Amino acid sequence: MFIMLSFPLLLLVLTGHIGIVRSSCTSKLEKSLFDDLIGMMLKLKGTEHIAHRQELRQNDIPAFTAYRNSAQSLSSNAVVKFDKLWTNNLNAYDVTTGVFTAPIAGLYHFSAVVMSISGKSLFLSLWQNDTKTAGSYTTGDGYKTGTFDVVLTLKKGDRIYIRCRGGHDSQSIFSNSDDYSTFSGYLIA
């Protein structure tokens with residue numbers, strides 16, 4: 001089984017096979033693939049809610065994928081607002097603020113791909129509450145993508161968001177109807 005995205009990408013599939021997929025998916029298909037992936041991971045892992053020792057259903061797992069389909073200008077320390085959703089189990093991601101708030105404690109995986117305006121620098125950081133956890137810097141000719149891929153232990157109520165690095169005004173996130181800029185997270189244990 002392969003996951004298809006809007007651009008060529010080398011993927012490691014749950015079975016350990018590696019392949020290159022070139023295709024374009026609709027939003028509905030991408031959401032379906034994401035939901036299937038979460039379901040497969042839960043079946044393989046046999047995830048249980050530690051506090052109550054009951055099996056969690058797929059819709060009870062905090063998970064989101066948000067995206068932008070337009071550019072966003074950023075001032076110093078501004079939060080990137082991924083203002084559209086494909087998935088938002090438990091409504092933990094707020095499109096108006098750009099912040100994910102953990103509805104339950106646990107180990108979470110977060111990833112993001114953020115594209116710069118052609119020829120412009122983009123300096124972003126991933127934050128957990130008021131602590132910077134990871135950074136992404138893109139510069140050079142053409143459009144560039146910065147990525148985040150982290151696993152974090154969260155307490156209930158912890159906040160995760162991406163924001164522009166302080167002291168770096170006049171930066172912009174690029175995206176259009178091809179949805180180049182995305183932000184995802186989900187509970188893994």
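Below is a short chat about the predicted model shown above.

Q: What does the pLDDT of the protein chain average?
A: This is a predicted model. The chain averages a pLDDT of 80. 71% of the residues score at least 70.

Q: Where is the pLDDT below 50?
A: Residues 1–23 are one such stretch. Beyond near neighbours in sequence, residues 1–23 have 41 contacts in the model. Residues 47–53 also fall below 50. That stretch has 9 contacts beyond near neighbours in sequence.

Q: On to the core. How many residues has the largest nonpolar one?
A: It has 30 residues. Those with the most contacts inside it are Phe100, Phe110, Leu124, Leu126, Ile162 and Phe183.

Q: Which strands each supply at least two residues of this core?
A: β5 (63–68), β10, β11 (122–128), β13 (145–154), β14 (159–164) and β16 (181–187).

Q: Any general background for that?
A: In soluble globular proteins, nonpolar side chains tend to be buried together.

Q: Take leucine 126. What does it touch, not counting residues up to four places away in sequence?
A: Leucine 126 touches Thr131, Lys132, Thr133 and Ala134. Its contacts also include Phe148, Val150 and Leu152. Ile160, Tyr161, Ile162 and Phe183 are on the list too.

Q: Now the sheets. What is the strand order in the open sheet of 5 strands?
A: The order is β8-β9-β14-β11-β12, and the pairing is antiparallel.

Q: Which are the edge strands?
A: β8 (93–94) and β12 (131–138). Each pairs on one side only.

Q: How many bridges are there between β9 and β14?
A: There are 2, and the pairing is antiparallel. β9 covers residues 99–101. Phenylalanine 100 has isoleucine 160 in β14 as its bridge partner. Phenylalanine 100 is also one of the core residues with the most contacts.

Q: Switch to β16. Is it mostly covered or mostly open?
A: Mostly covered: 7 of its 7 residues are buried.

Q: Which β16 residues point which way?
A: Ser181, Phe183, Gly185 and Leu187 point one way. Thr182, Ser184 and Tyr186 point the other way. All are buried.

Q: How many bridges join β5 to β16?
A: 6 bridges, and the strands run antiparallel. Phenylalanine 64 stands opposite glycine 185 there.

Q: And how many for β10 and β16?
A: Also 6 bridges, in the antiparallel sense. Histidine 109 stands opposite tyrosine 186.

Q: What about β10 and β15, how many bridges?
A: 2 bridges join them, antiparallel. β10 spans residues 106–116. Serine 116 stands opposite isoleucine 173 in β15.

Q: Which residues make up β6, and how many bridges join it to β15?
A: β6 is residues 72–74, and 3 bridges join it to β15 (residues 171–174). The two strands run antiparallel. Leucine 74 stands opposite glutamine 171.

Q: Last one: where is serine 175?
A: In the loop between β15 and β16.

Q: Why does serine 175 count as buried?
A: Because its relative accessibility is 4%, and the cut-off for buried is under 20%.

Q: What does its side chain reach at 3.0 Å?
A: The backbone nitrogen of tyrosine 180. The side chain of serine 175 also reaches the backbone nitrogen of serine 181, at 3.5 Å.

Q: Which residues does serine 175 touch, skipping those up to four places away in sequence?
A: Arg68, Asn69, Ser70, Ala71, Tyr180 and Ser181.

Notes. Residues are numbered from 1 along each chain as its sequence is written. Side-chain values use heavy atoms; hydrogens and water are left out. Two strands pair if DSSP finds at least two bridges between them. Helices (H or I, at least four residues) and strands (E, at least two) are DSSP runs, numbered from the N terminus. A nonpolar core is a set of buried Ala, Val, Leu, Ile, Met, Phe, Trp, Tyr and Cys residues joined through side-chain atoms within 4.5 Å. Buried means under 20% relative accessible area, exposed over 50%, partly exposed in between (1.4 Å probe, protein chains only). Contact means heavy atoms within 4.5 Å. pLDDT is the predictor's confidence in each residue, from 0 to 100. A polar contact is a pair of N or O atoms within 3.5 Å; within protein, one must be able to donate a hydrogen and the other to accept it, and residues adjacent in sequence count only if both atoms are side-chain atoms.
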